[in-house]
Amino acid sequence: MVVLPSAKNIKTMGKIIGIDLGTTNSCVAVMEGNDPVVIQNDEGRRTTPSIVAFLTNGERKVGDPAKRQAITNPTKTIQSIKRFMGIRFAEAGKEIPRVPYKVVKGDNDTVRVDIDGRLYTAQELSAIILQKMKKTAEDYLGQTVTEAVITVPALTIANVRQLKKQAKLPALPLGVY
């Protein structure tokens with residue numbers, strides 16, 4: 001005999017999104033029926049530049065708006081931050097000259113980005129991008145997203161666990177692709 005749970009005991013699951021946190025661009029998708037749908041951002045694009053900009057008035061911009069002001073604000077426009085995930089400052093020597101923003105050594109030989117005296121880790125800056133991708137999905141779905149699968153290189157698994165906490169995404173099993 002099979003005993004089925006009553007309808008009142010079945011918990012309905014919200015939509016689970018998939019985020020590809022890329023070095024250059026990121027995207028977010030959701031399954032609709034049996035088909036994956038890549039969600040367009042508020043600019044109508046299916047990919048969002050993985051760029052964060054800090055403005056003088058304290059405002060933050062992410063994606064295309066950040067990219068558009070990169071020429072006039074290069075030292076406060078952070079791009080390619082994923083290159084600094086999972087490495088020590090001592091290992092970042094080749095990458096540092098390639099970026100216009102200020103990269104400094106943090107506690108325990110970590111890589112930090114100095115924005116007006118505030119030191120950000122690569123995980124914190126990536127979390128800002130993840131928050132943007134989550135909001136893009138929520139705007140599309142019309143509901144709060146509480147679960148996500150994030151694709152990352154295997155090298156950064158421990159860093160992504162920290163990144164997810166900072167982005168306020170739930171502790172989920174990681175799918176590494």
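**Exercise 1. In which strand is S26 found? Determine its surroundings.**

The model used in these exercises is predicted; local features need pLDDT of at least 70, side-chain atom pairs count only at pLDDT 80 or more, and totals for chains, interfaces and linings use all residues. Residues are numbered from 1 along each chain as its sequence is written, and side-chain values use heavy atoms, with hydrogens and water left out.

Step 1. S26 belongs to strand β2. Helices (H or I, at least four residues) and strands (E, at least two) are DSSP runs, numbered from the N terminus.

Step 2. The relative accessible area of S26 is 2%, so S26 is buried. Buried means under 20% relative accessible area, exposed over 50%, and partly exposed in between (1.4 Å probe, protein chains only).

Step 3. Not counting residues up to four places away in sequence, S26 touches D20, L21, R46, T47, T48, S50, I129 and M133. Contact means heavy atoms within 4.5 Å.

Step 4. For S26 and T48, the C-alpha to C-alpha distance is 5.2 Å, although 22 residues separate them in sequence.

**Exercise 2. Describe the overall make-up of the protein.**

Step 1. The protein contains 3 helices and 11 strands. From the N terminus on, their order is β-β-β-β-β-β-α-β-β-β-β-α-β-α.

Step 2. Of the 177 residues in the protein, 43% are buried.

Step 3. Among contacts with a separation of 6 or more, 51% are made by residues 24 or more positions apart.

Step 4. The exposed area is about 10,300 Å², of which carbon and sulfur atoms supply 53%. Accessible areas come from the Shrake-Rupley method with a 1.4 Å probe; for residues, only the protein chains shown count as cover.

**Exercise 3. Find the aromatic pairs and characterise them.**

Step 1. A pair of aromatic rings is described by the distance of the centres and the angle of the planes. Rings of Phe, Tyr and Trp (its six-membered ring) pair if their centres lie within 6.5 Å; planes under 30 degrees apart count as stacked, over 60 as edge-to-face and the rest as tilted.

Step 2. Searching the whole structure gives 1 aromatic pair. It is formed by F54 and Y120, with 5.0 Å centre to centre and 40 degrees between the planes, and is tilted.

Step 3. The two partners come from distant parts of the chain: F54 lies in strand β5 (residues 51-54) and Y120 in strand β10 (residues 118-121), 66 residues apart. Both F54 and Y120 are buried.

Step 4. The charged end of R118 sits over the ring of Y120, at 4.1 Å from the ring centre. For this description, NZ of Lys or CZ of Arg must be within 6 Å of the ring centre and within 35 degrees of the ring normal.

**Exercise 4. Analyse helix α2 and its part in the largest nonpolar core.**

Step 1. Helix α2 (residues 122-141) has 20 residues, which at 1.5 Å a residue should span 28 Å; its end C-alpha atoms are 29 Å apart, in agreement. The expected span is 1.5 Å times one less than the number of residues.

Step 2. Most of α2 is covered, with 15 of its 20 residues buried. Just after α2, G142 has a positive phi of about 75 degrees.

Step 3. T136 is located in helix α2. T136 counts as buried because its relative accessible area is 7%. Leaving aside neighbours within four places in sequence, T136 is in contact with V28, I39, Q40 and N41.

Step 4. A nonpolar core is a set of buried Ala, Val, Leu, Ile, Met, Phe, Trp, Tyr and Cys residues joined through side-chain atoms within 4.5 Å. The largest one has 32 residues, and I17, F54, I78, I81, F84, Y101 and L125 touch the most other members. Its largest share, 8 residues, comes from α2.

Step 5. Leaving aside neighbours within four places in sequence, L125 is in contact with V52, F54, I78, I81, V113 and Y120.

**Exercise 5. Examine three loop residues: Q69, D109 and D116.**

Step 1. Q69 is in the loop between α1 (64-68) and β7 (77-79). Its relative accessibility is 12%, and therefore Q69 counts as buried. Beyond neighbours within four places in sequence, Q69 is in contact with A53, L55 and T77.

Step 2. D109 lies in the loop between β8 (103-105) and β9. Although D109 is not glycine, its phi is positive, near 65 degrees.

Step 3. D116 lies in the loop between β9 and β10. D116 likewise has a positive phi, near 55 degrees, in a residue other than glycine. Its relative accessible area is 62%, so D116 is exposed.
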